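Welcome to this tour. Open the structure in your viewer, keep the selection tool handy, and follow the stops below.

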Amino acid sequence: MNIQEICAKTDHTILSPQCTWEEVQKICEESVKYKTASACIPPAYVKQAAQWRANQAEELRICTVIGFPNGYQTTSCKCYETEQALKEGADEIDMVIRLGWVKEKRFDLVQEEISRIRNLCSRKILKVIIETCLLSEYEKIRMCDVVSEAGADFIKTSTGFAGEGAVPEDVAMLKRHVAPFVQVKASGGIRTIADAVWMLGAGADRLGSSSLIKSIVGMEENI
């Protein structure tokens with residue numbers, strides 16, 4: 001797999017709490033230049049990014065996060081966030097589940113919440129972040145069932161804010177247990193081309209990374 005193919009499977013990401021519009025715009029510019037799957041940015045910058053896209057680069061796909069990073073907002077709050085993000089120009093939504101419900105085995109509530117957001121997204125892509133590093137094997141497998149039954153497009157390993165990010169073993173497990181129409185996004189700790197190839201080889205269909213494009217830029221500068 002070459003660099004161009006890896007970029008096409010990568011959500012070029014900036015989600016740090018202190019990020020500025022200048023930094024977000026740079027991510028958008030790099031996303032267009034390297035033809036990444038999307039630029040994944042905070043909700044507060046979606047409208048501004050959409051306006052930039054209209055004037056600068058119509059091919060940019062905008063991804064944003066909902067209930068990020070802890071997932072314990074109310075379902076109504078997440079639905080409002082989703083509606084607002086879509087209205088302002090988001091093409092893809094990465095939502096965080098409420099982990100407390102998973103620990104209480106209230107998988108019905110988790111599925112209902114995902115289903116409500118799925119309905120709001122309509123044909124837009126929905127990815128569900130389950131935070132694998134905080135779940136048992138049983139909980140990960142059950143979440144594969146829940147995400148599949150709710151009709152989401154992707155199950156995503158991690159926010160990158162909860163300690164350990166994606167590991168190949170979890171990516172492979174998720175790939176085995178989700179429905180055939182559900183794809184797997186590996187996120188958290190993917191910094192180099194070698195990391196990307198490792199995750200894609202384990203079964204990831206999409207990557208989330210704030211460092212991968214930076215690594216590629218550095219390689220180009222050293223040629």
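Leaving aside its neighbours within four places in sequence, which residues is Met143 in contact with? Select Met143 and look around: Ile97, Val102, Phe107, Val110, Ile114, Ile130, Leu135 and Ile155 are there. Contact here means heavy atoms within 4.5 Å.

Before moving on, a word about what is on your screen. This is a predicted model, in which local features need pLDDT of at least 70 and side-chain atom pairs count only at pLDDT 80 or more, while totals for chains, interfaces and linings use all residues. Residues are numbered from 1 along each chain as its sequence is written, and side-chain values use heavy atoms, with hydrogens and water left out.

**Stop 1: the cores**

Stay with Met143 and add Ile114 and Leu207 to the selection. Among the 66 residues of the largest nonpolar core, these three touch the most other members. A nonpolar core is a set of buried Ala, Val, Leu, Ile, Met, Phe, Trp, Tyr and Cys residues joined through side-chain atoms within 4.5 Å. Buried means under 20% relative accessible area, exposed means over 50%, and partly exposed lies in between, using a 1.4 Å probe and protein chains only. Now select Cys63, Val65, Phe68 and Ile129, which belong to a second, separate core of 7 residues. In soluble globular proteins, nonpolar side chains tend to be buried together.

**Stop 2: helix α6**

Select residues 107–121, helix α6. Helices (H or I, at least four residues) and strands (E, at least two) are DSSP runs, numbered from the N terminus. The 15 residues of α6 should span 21 Å at 1.5 Å a residue, and its end C-alpha atoms are indeed 21 Å apart. That expected span is 1.5 Å times one less than the number of residues.

Colour Phe107, Val110, Glu113, Ile114, Ile117, Arg118 and Cys121, the buried residues of α6. Looking down the axis of α6, you will find its buried residues within an arc of 140°, so they line one face of the helix. The arc is that of the directions from the helix axis to the C-beta atoms. What covers these buried residues? The cover includes α4 (75–88), β4 (92–96), α5 (99–103), β5 (125–129) and α7 (137–150). Just after α6 comes Ser122, with a positive phi near 55°.

**Stop 3: strands β1, β2 and β3**

Select strand β2, residues 38–41. Ser38 and Cys40 point one way, Ala39 and Ile41 point the other way, and all are buried. In a regular strand the side chains alternate between the two faces of the sheet.

Add strand β1, residues 10–13, which runs parallel to β2 and is joined to it by 3 bridges. Two strands pair if DSSP finds at least two bridges between them. His12 has Ala39 as its bridge partner in β2. Show helix α2 (residues 21–33) as well: β1, α2 and β2 make a right-handed β-α-β unit. A crossover is right-handed if, with the strands pointing away from the viewer, the path from the first strand over the helix to the second runs clockwise.

Next, bring in strand β3, residues 62–66, which pairs with β2 in the parallel sense over 3 bridges. Cys40 stands opposite Cys63 in β3. From β2 the chain crosses through helix α3 (residues 46–56) to β3, again as a right-handed β-α-β crossover.

**Stop 4: Val24**

Go back to helix α2 and pick Val24. Is Val24 buried or exposed? With 0% relative accessibility, Val24 counts as buried. Not counting residues up to four places away in sequence, Val24 touches Ile14, Cys19, Ile41, Pro42 and Tyr45.

**Stop 5: strands β5 to β8**

Select β5, where 4 of the 5 residues are buried. β4 is joined to β5 by 5 bridges, and the two run parallel; Asp94 stands opposite Lys127. β5 also runs parallel to β6, with 3 bridges between them, and Ile129 stands opposite Lys156.

Move on to strand β7, residues 183–187: 4 of its 5 residues are buried, so β7 is largely enclosed by the rest of the structure. Ile155 stands opposite Val184 in β7. Finally, select strand β8, residues 206–209, which pairs with β7 in the parallel sense over 3 bridges. Here Ser187 has Gly208 as its bridge partner.
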